[in-house]
Amino acid sequence: MKDCYLGVDIGSISTKGVIIDDENNIIVSDYIWTEGSPTKAATKLVSILKDRLPENCVIKGIGTTGSARKLVGLLLDANIVKNEITAHAVGTLTFYPDVRTILEIGGQDSKIIILENGIITNYAMNTLCAAGTGAFLSSQAKRLGIEINDFGTYALKSKNPTKIAARCTVFAESDLVHKAQVGYLKEDIIAGLCKSVVLNYLNNVAKGKKIKTPIIFQGGVSKNKGVVKYFREVLNEDVIVDENGHLMGAIGIAVLARKNKIGKTYSLNVKNIKFETKARECLGCSNNCELLKVYKNNELIDSFGSKCGKF
Ligand code: SF4
C-alpha cells in the first residue's frame with residue numbers, strides 16, 4: 001500500500017484539493033466552485049477525489065488551508081491547519097527550492113511572498129479590494145461577452161493595449177464601458193485590463209517589496225496568458241508559471257500534513273457526516289461577540305468568535 005496525503009485549500013471562490021504521495025507526486029487533484037458553502041464544497045471535492053483514488057493508496061494525513069481552513073479542518077479531522085501564506089510558500093518551495101518571489105492572484109484576494117534561502121522574510125496580502133482578482137476579471141469578461149478562459153488569447157492579439165483605470169472595480173467598470181462604447185477593439189480593451197491588473201498589483205500588494213528572481217506567478221489568474229505577459233513585460237524579468245500553480249496552496253498543506261502525520265489512517269467517507277454551524281450572539285458583556293458553534297454528527301466540537309475564550 002502507498003501512503004498518501006490530502007491537502008484542501010478552501011477559498012471564497014474556489015476549493016482546491018490534491019492527494020500526493022511520499023515523493024510529492026500528485027495522485028489526484030481537482031477544484032470546484034465554493035458557491036458560498038465551504039463545508040459543502042469540501043465534502044463534494046473530497047468525495048470526487050476519493051472516487052478517483054487508486055485502490056493501493058491509503059490516506060495518512062489531511063491538511064487544510066484557505067479562508068475556511070478551520071471549519072473544514074474540523075469537518076475532515078485534519079491533522080494540520082495552516083494559513084495560505086505558509087501553505088503557498090511550502091508548496092512552491094517543494095518544486096522550486098530557489099524561489100525568491102511568489103506572486104499570487106486568486107479569485108478574491110492576492111498576495112506576495114518574499115523568500116530568502118527557503119524562509120519567508122516578508123509578505124503582504126490584499127483581501128479588501130476585489131480590483132485585479134479573478135472575480136473582477138470574470139465579471140469584466142461577462143460584461144464584454146467573452147469566456148474568461150479566452151481572455152488571455154484575446155489579450156495576446158492586441159497590438160495597442162487600451163489604458164484602463166483598474167485601481168478600483170467601480171472605476172474600471174465605468175472606464176471599460178466607456179472604452180467599449182467609443183469603439184476600442186475588444187482585444188485592446190482586454191489587453192489593457194490585463195496590464196492594469198499587473199500595475200494595480202505591483203502598486204498595491206507588492207508596494208515596497210523587493211522583487212527578486214526566481215519569480216513565480218500562481219493562483220487562478222496565472223492561467224491568464226495576458227496577465228502573465230504583462231508581468232514579464234513590466235518587471236522585465238522571466239516569470240515562471242507552473243501548470244499546477246492554482247493548486248500550490250493545496251499541495252503545500254498536503255506536504256505539511258505528511259510532515260506532521262500522527263499515525264492515523266483516514267477513510268475520506270465524508271458524504272454522510274452531519275456538519276452544522278449555528279450562530280448566536282453572546283450577551284455576557286458589552287463585547288457582544290458573534291459566536292459560531294460547530295456541530296459534527298450533532299455533537300458540539302468547537303466554537304469560534306469569543307474574544308475572552310469563554311467558549
Ligand atoms: S464571549 Fe466573552 S467577551 Fe464575548 S461577549 Fe461573551 S463574555 Fe463578552
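**Definitions applied to a predicted model**

Q: Where is Pro214 found, and how are the flanking elements defined?
A: Pro214 is found in the loop between α7 (186-203) and β9. Helices (H or I, at least four residues) and strands (E, at least two) are DSSP runs, numbered from the N terminus. The model is predicted, so local features need pLDDT of at least 70 and side-chain atom pairs count only at pLDDT 80 or more, while totals for chains, interfaces and linings use all residues. Residues are numbered from 1 along each chain as its sequence is written, and side-chain values use heavy atoms, with hydrogens and water left out.

Q: What makes the peptide bond from Thr213 to Pro214 notable?
A: This bond is cis, with omega near -5°. Most peptide bonds are trans.

Q: Why is the contact of Lys2 with Asp21 called a salt bridge?
A: The term requires a side-chain nitrogen of Lys or Arg within 4 Å of a carboxyl oxygen of Asp or Glu. For Lys2 and Asp21 the N to O distance is 3.2 Å, so the pair qualifies. Lys2 belongs to strand β1 (residues 2-10) and Asp21 to strand β2 (residues 14-21), 19 residues apart. By this rule the count comes to eight salt bridges.

Q: How do you know whether Lys2 and Asp21 are buried or exposed?
A: Buried means under 20% relative accessible area, exposed over 50%, and partly exposed in between (1.4 Å probe, protein chains only). Asp21, at 1%, is therefore buried, whereas Lys2, at 32%, is partly exposed.

Q: What makes Lys264 and Asp77 a salt bridge, and which parts does the pair tie together?
A: The closest N and O atoms of Lys264 and Asp77 are 2.5 Å apart, so the rule is met. Lys264 lies in the loop between α9 (248-259) and β11 (275-281), and Asp77 in the loop between α2 and β5 (80-81); the pair therefore ties together parts that are 187 residues apart in sequence. Lys264, at 29%, is partly exposed, and Asp77, at 38%, is also partly exposed.

Q: How do you know that β9 and strand β10 (residues 239-240) pair?
A: Two strands pair if DSSP finds at least two bridges between them. β9 and β10 have two bridges, so they pair, in the parallel sense. Ile216 stands opposite Ile240 in β10.

Q: What is the hand of the β-α-β crossover from β9 to β10, and what does that word mean?
A: The chain crosses from β9 through helix α8 (residues 225-235) to β10, and the crossover is right-handed. This means that, with the strands pointing away from the viewer, the path from the first strand over the helix to the second runs clockwise.

Q: Why is α1 called oblique to α2?
A: Axes are lines fitted to C-alpha atoms, for helices over the stretch in contact, and angles run from 0 to 180 degrees between N-to-C directions. The axes of helix α1 (residues 38-52) and α2 come within 10 Å and cross at roughly 50°. Angles under 35 degrees count as roughly parallel, over 145 as roughly antiparallel, 65 to 115 as roughly perpendicular and the rest as oblique. The α1 and α2 angle falls in the rest, so α1 is oblique to α2.

Q: What makes the phi of Leu268 notable?
A: Leu268 has a positive phi of about 65° although it is not a glycine. Most residues other than glycine have a negative phi. Leu268 is placed in the loop between α9 and β11 and, at 7% relative accessibility, counts as buried.
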